[in-house]
Amino acid sequence: DVFFYPSVYTYFPVFGPFKKIVAIHDVIAEKYPELIFKSRKNRLFWDLKTRLAIWQSDLILTVSQFSKQGIAEHFRLAEDRIRVVTEGSADSFGPVENSRQLADTLDRFGLAMDSRYILYVGGIAPHKNLAVLVQAFTGLIKDSRYADVRLVMVGDYEDDVFLIDEKLKSGMDKPGFREKVIYTGYVPDNDLNCLYNAAQVFVLPSFCEGFGLPALEAMSCGTVVIGSDTTSIPEVVGDAGLFFDPCSVDELLDRLRTVLDDDVLRKELGQRSLLRAATFSWQQSAADTLQVFTDAAG
């Protein structure tokens, strides 16, 4: 009845009387091709594949209203041809009540229960805009009030599927930077859950995000989120977080100081995060996806 491609990566041409649905998660490659592709050949191949997938599909499925608008504008599609199904946070992410588990996990990463740290989870591709996060963090720790604050970066930076920001990667290995930054590499969900729980704040500085799943994971743990305002993050986070212009180091620095200095605000935003995260679930996503299939099949 329906042939579903869960991403453009998985698309290949098929022909038949059945309905075809393709999921396009974002327009990052279309808006920032120079930050994504290693060559013009790769860029051309991606563009042709995406356009062919759209041409052959009866419906486009995406993950946020932000992405829907971007897809409609870039590919000049009618919005009624695009359906939104949001994502959810895995059950493994939530508040940790076991203080021993939390302490043991933090200890493995060189942290203590009273450590103050800023957390980032994701890739190191240029569109993730980590240079702005690093610059803001560098400015923050120049102030003696924040000399103890660390930056914890979680992600598999060796096998990132996107273009890697080599300049930033090499800078991360400098001795002065390494003293204040903890690079964990890939960590399993149970450990990541503890890192979310103990963080003072989670930052997602990307130029563009289709949904921003790490932000939702952080919210599920009651962690305050600071995200860029040019993405889907405000749509996902709502009034549970703070936002900044991803091109402004000063704005991010100001938001970091605000969260770190105000325990009452941090607690309030943490409580809002839990409530907001509860409005998303994979169960609801599955039900909404099934409805899209049913509508497409008639």
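The following is a conversation about how the elements of this predicted model are named and judged.

Colleague: Which conventions apply to residue numbers and to confidence in the model?

Modeller: Residues are numbered from 1 along each chain as its sequence is written, and side-chain values use heavy atoms, with hydrogens and water left out. The model is predicted, and local features need pLDDT of at least 70, side-chain atom pairs count only at pLDDT 80 or more, while totals for chains, interfaces and linings use all residues.

Colleague: What makes E1 and E4 edge strands of the sheet E1-E2-E3-E4?

Modeller: Strands (DSSP runs of E, at least two residues) and helices (runs of H or I, at least four residues) are numbered from the N terminus, and two strands pair if DSSP finds at least two bridges between them. The open sheet of four strands has the order E1-E2-E3-E4, with parallel pairing. Strand E1 (2-5) and strand E4 (82-84) each have a single partner strand, so one side of each is left without a neighbour in the sheet. Neighbouring strands of this sheet are turned by 25° against each other on average, direction ignored, where axes are lines fitted to C-alpha atoms, for helices over the stretch in contact, and angles run from 0 to 180 degrees between N-to-C directions.

Colleague: How do you know that E1 and E2 are paired?

Modeller: Four bridges join E1 to strand E2 (residues 19-23), and the two run parallel; the definition asks for at least two bridges, so E1 and E2 count as a pair. Within this pair, valine 2 stands opposite lysine 19 in E2. Helix H13 (residues 282-297) packs on the sheet, touching E1, E2, E3 and E4, and its direction makes about 150° with that of E2; contact here means heavy atoms within 4.5 Å.

Colleague: Why is tryptophan 46 called buried?

Modeller: Buried means under 20% relative accessible area, exposed over 50%, and partly exposed in between, with a 1.4 Å probe and protein chains only. Tryptophan 46 has a relative accessible area of 19%, which is under 20%, so tryptophan 46 is buried by this definition. Tryptophan 46 lies in helix H2 (residues 40-56), and, leaving aside its neighbours within four places in sequence, is in contact with Val8, Tyr9, Ala29, Glu30 and Phe37.

Colleague: Why is lysine 267 called buried or exposed?

Modeller: The value for lysine 267 is 58%, which is over the 50% limit, so lysine 267 is exposed. The place of lysine 267 is in helix H12, and its C-alpha atom is separated by 10.0 Å from that of glutamine 200, 67 residues apart along the chain.

Colleague: What makes E7 and E10 the edges of the other sheet?

Modeller: An open sheet of six strands has the order E7-E6-E5-E8-E9-E10, with parallel pairing, and E7 and E10 each have a single partner strand, so one side of each is left without a neighbour in the sheet. Five bridges join strand E5 (residues 117-121) to E6, with valine 121 opposite valine 154 in E6. Four of the five residues of strand E6 (residues 150-154) are buried, so E6 is largely enclosed by the rest of the structure.

Colleague: Why is the connection from E8 to E9 called right-handed?

Modeller: Three bridges join E8 to E9, which run parallel, and leucine 204 stands opposite glycine 227 in E9. The chain crosses from E8 through helix H9 (residues 213-220) to E9, and this β-α-β crossover is right-handed. The term applies if, with the strands pointing away from the viewer, the path from the first strand over the helix to the second runs clockwise.

Colleague: How do you know that the span of helix H11 agrees with expectation, and where do its buried residues lie?

Modeller: The expected span is 1.5 Å times one less than the number of residues; for the 13 residues of H11 (residues 249-261) this should be 18 Å, and the end C-alpha atoms are 18 Å apart, which agrees. In H11, Val249, Leu252, Leu253, Leu256, Val259 and Leu260 are buried. They cover an arc of only 130° around the axis, which puts them on the same side of H11, the arc being that of the directions from the helix axis to the C-beta atoms. What covers these buried residues includes E5, H5, strand E8 (201-204) and helix H12 (263-277).
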